[in-house]
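Thanks, everyone. Let me put the chain on the screen, and then I'll go straight to the sheet.

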Amino acid sequence: MIGRTSAVVLLLLAVPALVGAQQAGPQAEVTALRERGRYGDAIAAARRANLAPALGELLRLTGQWEEAERVLRRATGERRPDSLLVVLELALLRHERGELAAAFRDFDRFIDAYNTARSLSSDELAAVGVAVQHLSVADPELARDALRAYDEAIASDPGNTEARLRVGALFLERYNGTEARATFEALLVRDSTNPRALLGLAKTARFEGSRRALELVRRSLAGNPNSVDARVFLAELHAEVGDYADARQELVRALAVNPRALPALSARAAVAWLAGDSTGYTAGRREVLGLNPRYAPLYITLAELAARHRLYEQAARFALEAVTLDSLAWRAHALLGINELRLGRMESGRARLERAFAGDPFDVWTKNTLDLLDVLERYPSRRSARFRFVADAADLDVLEPYLSPLAEEAWDRLAARYGGAPPAPVRIELFRRHADFSVRTVGLVGLGALGVSFGPVIAMDAPSARPRGEFNWGSTLWHELAHSFHLALSGHRVPRWFTEGLAVYEERQARPGWGDDLTPGFLSAYRQGRLLRVSRLNDGFVRPAYPQQLGFSYYQASLVCELIAAERGFDALVAMLRAFGEGRETPAVFRDVLGTDLDAFDRRFTAWLEERFATQLAALASHGDAQTGPPTRVGTAERARRNPGDFFAQLAMGQQLIRDDQPAAAVPYLERAKALFPEYAEDDGPYRLLAQAARQRGDLPRAAAELTAMMAINERAYDARLELAEVVLALGDSAAALRALDDALYIDPTELGVHTRLAELAEWRGDARLAVRERRAIVALDPADPADAYYRLARAELRAGDRDAARHAVLRALELAPGFDAALEFLLELRGERD
């Protein structure tokens with residue numbers, strides 16, 4: 001049985017189910033016409049065959065509500081074999097018009113129909129599924145009953161494509177992307193051009209973050225160019241990346257088919273709002289609510305698109321409007337909660353999410369976020385002048401002495417550069433598990449990013465979340481804080497390509513070596529025409545066409561900012577931020593601030609890039625003597641000899657000679673490789689290998705110079721920084737050793753030996769404050785001899801002039817080791833000095 005049983009039995013069930021063979025032909029004809037978007041022909045065919053349910057649906061789908069109602073009401077007064085389907089179509093029409101009480105009364109009757117009927121046809125079982133699926137908004141467990149009804153419909157008629165499509169849509173509605181994808185893919189095995197299956201797969205791809213959504217919806221429209229749902233979906237994809245003109249065009253096409261299509265009208269209002277067209281937005285909103293005064297999806301669409309454009313405050317307000325219209329709009333409750341969390345409103349955000357999850361326990365995004373909030377509640381927090389840091393205790397105790405000064409330094413420098421700052425304090429969350437960070441960002445695991453800024457809140461991986469050398473947490477923090485400044489100065493209206501490029505540019509200003517740098521892959525993509533024009537750079541971030549495009553787009557956007565700063569001054573970048581904040585789109589910003597159009601700028605950027613990287617491009621262009629089969633020593637040597645301008649050939653020969661323990665012979669090849677592509681600073685690159693060769697022949701100054709140059713390019717080279725510290729210390733430059741070791745902590749602050757070396761160097765140089773910082777870090781890292789660590793911390797605290805902290809530390813040492821003679825003597829020394 002489904003749901004509950006009522007004593008009311010529909011009289012229409014006394015009529016035999018629609019199974020007559022004579023009906024199969026006309027119904028199949030109508031369905032085929034509808035699936036390919038030939039709605040006029042389908043309506044005519046349905047009229048001829050007296051298929052009232054199909055006719056009512058087609059009239060509703062083309063906006064002919066009054067005619068649909070007349071057809072369906074007339075049919076309800078007739079004794080028909082398809083009466084149950086008529087009731088469903090009338091309920092769907094009422095639901096679309098906002099007559100929710102009447103619609104839900106009709107939907108409720110399907111429970112009785114299922115529970116009391118002796119038998120139902122496949123189409124009738126699918127109708128039960130549709131009705132019960134609608135009822136599940138008030139009782140989420142009914143979603144399982146809807147699935148059962150669909151499954152029974154398919155078992156009764158395996159060729160019931162409509163039921164299979166409904167199953168896929170139900171899975172997607174209930175956040176089960178895996179089953180939704182499998183369902184739609186199975187349909188496409190039967191019919192590879194099925195427009196609705198392709199659209200369902202496109203929506204699933206978007207849900208799962210796949211790049212295929214755009215391709216799939218276009219394939220869907222190839223099969224049915226009049227699909228309103230597909231046009232609206234494509235319009236939303238365009239709107240997400242700021243292509244408002246293309247979005248409007250798709251919505252014009254959708255509304256030509258159905259001028260009352262509420263999703264299309266809602267999307268049109270949202271695009272107008274995003275584009276700063278307040279008149280269009282107001283008129284659009286009025287039109288939607290005039291057709292359906294309780295249409296909460298209007299505000300859900302606005303909230304989702306606002307959030308995708310990082311307009312979190314506005315997204316929260318739109319979500320609140322949605323739940324005000326419809327208290328059962330669980331997606332709106334979830335959007336309200338998620339966006340309040342993004343704004344740092346932790347208590348109210350959690351309350352909203354708890355309500356959303358109570359109404360829709362299938363919502364995996366909300367469930368994951370609530371689980372994450374349980375984790376966050378266990379995290380301690382620390383405050384500085386403008387920040388609140390939240391992290392696992394094991395991370396925070398080690399990180400805070402580095403985190404707070406770096407964040408405050410970044411704030412001061414960015415505020416001076418931009419002439420403004422975001423509201424303080426900014427909340428910074430560091431997650432010990434990358435999956436937790438991913439959930440905080442998008443509600444699901446699998447996000448590849450390192451950090452995200454919502455403006456008032458920054459979330460990022462803690463160093464412990466990733467293997468050493470995968471990222472530099474210091475540059476990541478600087479990058480995300482720069483975003484908070486950009487969002488504040490632009491009113492959150494800056495396009496993603498510009499704020500990402502500007503944030504990478506700011507990383508480079510922060511420390512030598514920080515920020516993305518040139519790679520052979522980037523220039524190869526340029527030569528192959530795979531980089532995007534500036535007018536399309538947002539696509540590289542929002543819907544990259546190939547795996548490497550996102551990383552290339554970061555670097556390309558940073559070069560755009562670098563070119564603007566070089567030729568127009570940094571103030572031009574600030575002026576662009578403010579122009580975006582005024583609602584101007586990218587072409588207008590380039591015209592008004594830079595005095596150029598995008599085509600002209602693209603030409604200038606291309607010329608600048610080719611001039612700046614002429615040597616590197618030539619070094620890659622020379623890489624034409626491709627080998628076949630595994631490399632051999634003879635083959636590598638021959639390629640290097642024949643191609644002196646080929647970066648890869650020279651590097652490969654240098655690497656081979658280093659492996660052969662011939663460092664002197666390797667040097668000329670490595671020097672040539674470095675000159676051909678000086679930005680290549682990986683561990684297998686010329687700088688590291690030249691340093692290795694120099695050390696082998698005892699030339700420590702040369703080794704130091706090579707490693708220093710490498711550090712000025714590669715922000716993630718941890719081992720090379722330790723090697724540099726060792727080399728410069730051997731040369732007697734303890735200050736340089738301190739800098740190298742300190743820089744390594746922004747890659748991995750958890751290595752006890754590095755902190756010990758820093759502490760000892762600081763003590764030797766008489767830097768009491770640095771010694772205290774490092775001794776505290778050693779204590780936080782749970783050393784093998786904690787009593788000794790506290791004792792050494794106590795001595796450092798005293799040298800720094802903090803007797804109370806020294807006393808506290810030595811007492812802790814004695815708690816751990818009561819018989820620790822040196823600690824006892826130190827405590828007596830402290831007391832004697834006090835006396």
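Start at strand β1, residues 381-383. This is a predicted model, so keep that in mind throughout. β1 pairs with β2, antiparallel, over three bridges. What connects the two? A hairpin of three residues takes the chain from β1 to β2. For one register point, look at Arg 382: its bridge partner in β2 is Phe 389.

Now the other side of β2. Here the neighbour is β3, residues 426-431. This pairing is parallel, and it runs over five bridges. Phe 389 comes up again: in β3, its bridge partner is Ile 428. Next to that, Val 390 stands opposite Glu 429 of β3.

How do we get from β2 to β3? Through helix α22, residues 393-418. Together the three elements form a β-α-β unit. Check the hand on your screens: the unit is left-handed.

Is β2 itself buried or exposed? Four of its five residues, within 387-391, are buried, so the strand is largely enclosed by the rest of the structure. The cut-off for buried is under 20% relative accessible area.

Zoom out to the whole sheet. It is open and has five strands, in the order β1-β2-β3-β5-β4. The pairing is mixed. At the edges sit β1 and β4, the latter being 451-453, and each pairs on one side only. From one strand to the next, the twist averages 15°.

What lies across this sheet? Helix α24, residues 473-489, lies across β2, β3, β4 and β5. Its direction is at about 20° to β4.

A word on domains. The chain divides into domain 1, residues 1-174, and domain 2, which takes in 387-444 and 461-613. Their C-alpha centres are 51 Å apart.

Next topic, charges. How many salt bridges does the structure hold? The count is 89. I'll pick out a few.

Take Glu 69. One of its partners is Arg 73, with the closest N and O atoms 3.0 Å apart. Both residues are in helix α4, residues 65-76. They are four residues apart there, so about one helical turn separates them. Arg 73 is partly exposed, at 41% relative accessible area.

Glu 69 also forms a salt bridge with Arg 97. Here the closest N and O atoms are 3.1 Å apart. This pair links distant parts of the chain, 28 residues apart: Glu 69 is in helix α4, while Arg 97 is in the loop between α5 and α6. And Arg 97 counts as buried, because its relative accessibility is 14%, below the 20% limit.

Now go further along the chain, to Glu 671 and Arg 702. Their closest N and O atoms are 2.0 Å apart. Which elements does this salt bridge link? Glu 671 belongs to helix α35, residues 663-676, and Arg 702 to helix α37, residues 700-711. The two residues are 31 apart in the chain. Glu 671 is partly exposed, with a relative accessible area of 27%. Arg 702 is partly exposed too, at 22%.

Last item: a network. Salt bridges with shared partners join six residues into one network: Arg 34, Glu 35, Glu 57, Glu 162, Arg 166 and Arg 196.

That's my tour. Over to you for questions.

How values were computed: Residues are numbered from 1 along each chain as its sequence is written. This is a predicted model: local features need pLDDT of at least 70, side-chain atom pairs count only at pLDDT 80 or more; totals for chains, interfaces and linings use all residues. Side-chain values use heavy atoms; hydrogens and water are left out. Domain bounds come from an automatic or database domain assignment. Buried means under 20% relative accessible area, exposed over 50%, partly exposed in between (1.4 Å probe, protein chains only). Two strands pair if DSSP finds at least two bridges between them. A crossover is right-handed if, with the strands pointing away from the viewer, the path from the first strand over the helix to the second runs clockwise. Axes are lines fitted to C-alpha atoms, for helices over the stretch in contact, and angles run from 0 to 180 degrees between N-to-C directions. Contact means heavy atoms within 4.5 Å. A salt bridge is a side-chain nitrogen of Lys or Arg within 4 Å of a carboxyl oxygen of Asp or Glu.
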